[in-house]
Amino acid sequence: MNSIFSAGCNSAMDPSGLVSIAIIVLMFVFLYFFMIRPQKKQERETNDMRNNLKVGDEITTIGGIIGKIVSIKEETVTIETGHDRAKIRILRSAVRNVDVHAEDAQD
């Protein structure tokens with residue numbers, strides 16, 4: 001009976017238990033560096049891009065609409081599309097990327 005209790009007490013100091021905990025910690029570290037951190041970096045870059053929009057930039061929206069920015073307000077952007085110069089008002093959050101910056105288009 002004494003050996004049963006001593007085995008139970010020693011299991012807390014068992015190296016296999018420490019190895020299991022170390023593996024779980026390493027999995028969380030791996031998850032952070034290869035999934036969470038890059039996603040946060042991408043979100044930061046996307047927010048910076050959306051906050052630095054300028055009149056004259058040519059953009060693509062999340063829906064695939066391509067146009068040139070003609071005015072910017074707080075949360076909305078008005079773009080001009082097509083040959084007939086149709087104007088569409090979209091949210092800043094709908095901008096996927098800037099294809100041509102305004103300063104590059106004038107060069």
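Visitor: Let's start with the strands. Over how many bridges do strand E1 and E5 pair in the antiparallel sense?

Guide: Keep in mind that what you see is a predicted model. Strand E1 covers residues 58–61, and E5 covers residues 95–100. Along this pairing, Ile-59 stands opposite Val-98 in E5. The antiparallel match between E1 and E5 runs over four bridges.

Visitor: Which strands are the edge strands of the sheet?

Guide: Look at the order of this open, five-stranded sheet: E4-E3-E2-E1-E5, with antiparallel pairing. An edge strand here is one that pairs on one side only. That gives us E4 and E5.

Visitor: By how much are neighbouring strands of this sheet turned against each other on average?

Guide: Here we ignore which direction each strand runs. Taken that way, the average turn between neighbours in the sheet is 45°.

Visitor: Okay, zooming out: what pattern does the protein chain follow along the sequence?

Guide: The ingredients are three helices and five strands. Now walk along the sequence and write down each element as you meet it, and you get α-α-β-β-β-β-β-α.

Visitor: What share of the residues in the protein chain is buried?

Guide: The chain has 107 residues. To count as buried, a residue needs a relative accessible area under 20%. Buried residues make up 21% of the chain.

Visitor: And how much of the exposed area do carbon and sulfur atoms supply?

Guide: Altogether, the protein chain exposes about 8500 Å². The part of it that comes from carbon and sulfur atoms is 59%.

Visitor: Which residue forms a salt bridge with Glu-80?

Guide: The count of salt bridges comes to one, and the cut-off is a nitrogen-to-oxygen distance within 4 Å. In this pair the closest N and O atoms are 3.9 Å apart, so the contact qualifies under that cut-off. The partner of Glu-80 is Arg-85.

Visitor: Of Glu-80 and Arg-85, which is buried and which is exposed?

Guide: Compare each value with the cut-offs: under 20% is buried, over 50% is exposed. Arg-85 has 57% relative accessibility, so it counts as exposed. Glu-80 comes to 19%, so the buried partner is Glu-80.

Visitor: Where does Arg-85 lie, and what is phi there?

Guide: Find the loop between strand E3 (76–81) and strand E4 (86–91), and you'll find Arg-85. Its phi is positive, in a residue other than glycine. The value is near 55°.

Visitor: Now the rings! What kind of aromatic pair do Phe-30 and Phe-34 form?

Guide: There are two aromatic pairs by count, and this is one of them. Phe-30 and Phe-34 are four residues apart in helix H2 (residues 15–51), so about one helical turn separates them. Their ring centres lie 4.7 Å apart with 40° between the planes, and that makes the pair tilted.

Visitor: What about Tyr-32 and Phe-33: what is that pair called?

Guide: You describe a pair of aromatic rings by the distance of the centres and the angle of the planes. For Tyr-32 and Phe-33 the centres are 5.2 Å apart and the planes stand at 80°. An angle over 60 degrees is the cut-off that matters, so this pair is edge-to-face.

Visitor: Among Tyr-32, Phe-33 and Phe-34, which counts as exposed?

Guide: Tyr-32 has a relative accessible area of 40%, so it is partly exposed. Phe-33, at 43%, is partly exposed too. At 57% relative accessibility, the exposed one is Phe-34.

Definitions and conventions: Residues are numbered from 1 along each chain as its sequence is written. This is a predicted model: local features need pLDDT of at least 70, side-chain atom pairs count only at pLDDT 80 or more; totals for chains, interfaces and linings use all residues. Side-chain values use heavy atoms; hydrogens and water are left out. Helices (H or I, at least four residues) and strands (E, at least two) are DSSP runs, numbered from the N terminus. Buried means under 20% relative accessible area, exposed over 50%, partly exposed in between (1.4 Å probe, protein chains only). Accessible areas come from the Shrake-Rupley method with a 1.4 Å probe; for residues, only the protein chains shown count as cover. Rings of Phe, Tyr and Trp (its six-membered ring) pair if their centres lie within 6.5 Å; planes under 30 degrees apart count as stacked, over 60 as edge-to-face and the rest as tilted. Two strands pair if DSSP finds at least two bridges between them. Axes are lines fitted to C-alpha atoms, for helices over the stretch in contact, and angles run from 0 to 180 degrees between N-to-C directions. A salt bridge is a side-chain nitrogen of Lys or Arg within 4 Å of a carboxyl oxygen of Asp or Glu.
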